[in-house]
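Me: Please take a close look at one part of this model, the place where a helix of one chain packs against a helix of the other. A single connected account will do.

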Amino acid sequence: MTSIRLLGRWVIYSVQRLGRATVFLMSTLVGVFLILRRFPLIVQQVFAVGVLTVLIIVVSGLFVGMVLGLQGYNTLVDFGAESSLGLVVALSLTRELGPVLTALLFAGRAGSALTAEIGLMKATSQLAGMEMMAVDPIERVMAPRFLAGFIALPLLAAMFTAIGVLGGYLIGVGLLGVDSGVYWTSMQEGVDVYDDIMNGVIKSVVFGFVVTWIAVFEGYDAVPTSEGVSRATTRTVVIASLAVLGLDFILTSLMFNEV
Amino acid sequence: MSKNALELWVGLFVIAGLAAAAMLALRVGNLSTVNVADAYKVTASFGNVGGLNVKAPVTMAGVKIGRVSNIQIDREDYSAIVELSIDRRYNNLPTDTSAAVLTSGLLGAQYVGLEPGGQEAYLKQGDRIEITQSAVVLEQLIGQMLFSKAQGDG
């Protein structure tokens, strides 16, 4: 009996949260249009979530590209197909690894920071104070952060992919002796601007939307205690990562299932 | 951090992101190679195109000069109509140019190879290549070989 009741409570709680998150998203989207007039606020947030994340993205991109170059070469050389190394590296990065890994790193680096910041603002009654002064906290605090994450993630994903391709080049051409021209031409033969690169960009836009939404909402919805903020931060990273991986599967099956 | 420095960093961030996207499009992708927008289209009908795909390369003397832009079935004679988009730079192909569906390597991807003829007139937008050679389907070839061998034995 109790376990069934617990299940019921959990379902009701989840549906309520989902409803709150949707209402929150709607008012944030309205806030985004209102906040466009106050551009410096957005610039500040792009700095916080975007520029400060560049380092980890560039370093991870480089290493992921280098590992792809190494692993791809070792696998392909058995079939005498090491001339396709550039294609293997570029396709895995543009289609999957670039958008997905960037979104996961972004959730860990910037998403958790967003949640903690907003949660602490709530715990220290700053949001309530704003409302007292007739300043809408959703418009003033949430909307610029949401927009900044939405702008920053696709740019970061593009950097990740580009650096990864260069990392594969360093290992494949510099270390393992694949011909430089072959590396680039096999890539250009096989990678389509619309099918592969544009779909990767669409993925990163979707991930940017979802990850930032989860991060900002978790902060806004946090229990205003130090324990509540810490839980909300953990939940941001867990839920955002799971959402990215689940959405990636759905998007991939929608985008790349022709033939 | 001062407001100017912050704005400078954000500006650099956006430029770096866009530069990375541009590099992906131009260096990794195929935007810099044959541009289908600046091309003229000719058709060719084949008895069998094998595994030819839309976007497969069209080559002449081994040089890529265009792409396959469409593959359809002719409603009258059930042959395959292949539409080729050829770069405008190569607008001097003779009208009796022949087309063949070829395979790169033994098991590689299929492409359309053009062989120039000797006519004075050139192919224009919408023209049709008359002399074509279908794809070699490996299974049929092996089947024919076995069949003729069996007949020879009998």
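Reply: In this predicted model, α6(A) passes α1(B) in a left-handed crossing. The axes of α6(A) and helix α1 of chain B, residues 3–28, come within 8 Å and cross at roughly 50°. That angle lies neither under 35 degrees nor in the range 65 to 115, and α6(A) and α1(B) are therefore oblique to each other.

On the chain A side of this crossing, the residues of α6(A) that meet α1(B) are A:Leu155, A:Leu156, A:Ala158, A:Met159, A:Thr161, A:Ala162 and A:Val165. Facing them in α1(B) are B:Phe13, B:Val14, B:Ala16, B:Gly17, B:Ala20, B:Ala21, B:Met23, B:Leu24 and B:Val28. Sorted by class, the residues of this helix pair comprise 14 nonpolar and two polar, with no charged residue.

The helix pair belongs to a wider contact between the chains, in which 23 residues of chain A touch 19 residues of chain B. Five helices of chain A each supply at least two residues to the side that touches chain B: α2 (39–49), α4 (85–123), α6 (137–175), α7 (180–190) and α8 (193–220). Among these, α6(A) gives the largest share, seven residues. The side of chain A that touches chain B is made up of 17 nonpolar, five polar and one charged residue.

How values were computed: Residues numbered from 1 in each chain as written. Chains lettered and ligands numbered in written order. Predicted model: local features only at pLDDT ≥ 70, side-chain atom pairs only at ≥ 80, totals over all residues. Contact = placed C-beta atoms within 7 Å. Helix = DSSP H or I, 4+ residues; strand = E, 2+ residues; numbered from the N terminus. Nonpolar A, V, L, I, M, F, W, Y, C, P; charged D, E, K, R; others polar. Axes fitted to C-alpha atoms, helices over the stretch in contact; angles between N-to-C directions. Parallel < 35°, antiparallel > 145°, perpendicular 65-115°, else oblique. Left-handed = near helix turned anticlockwise from the far one by under 90°.
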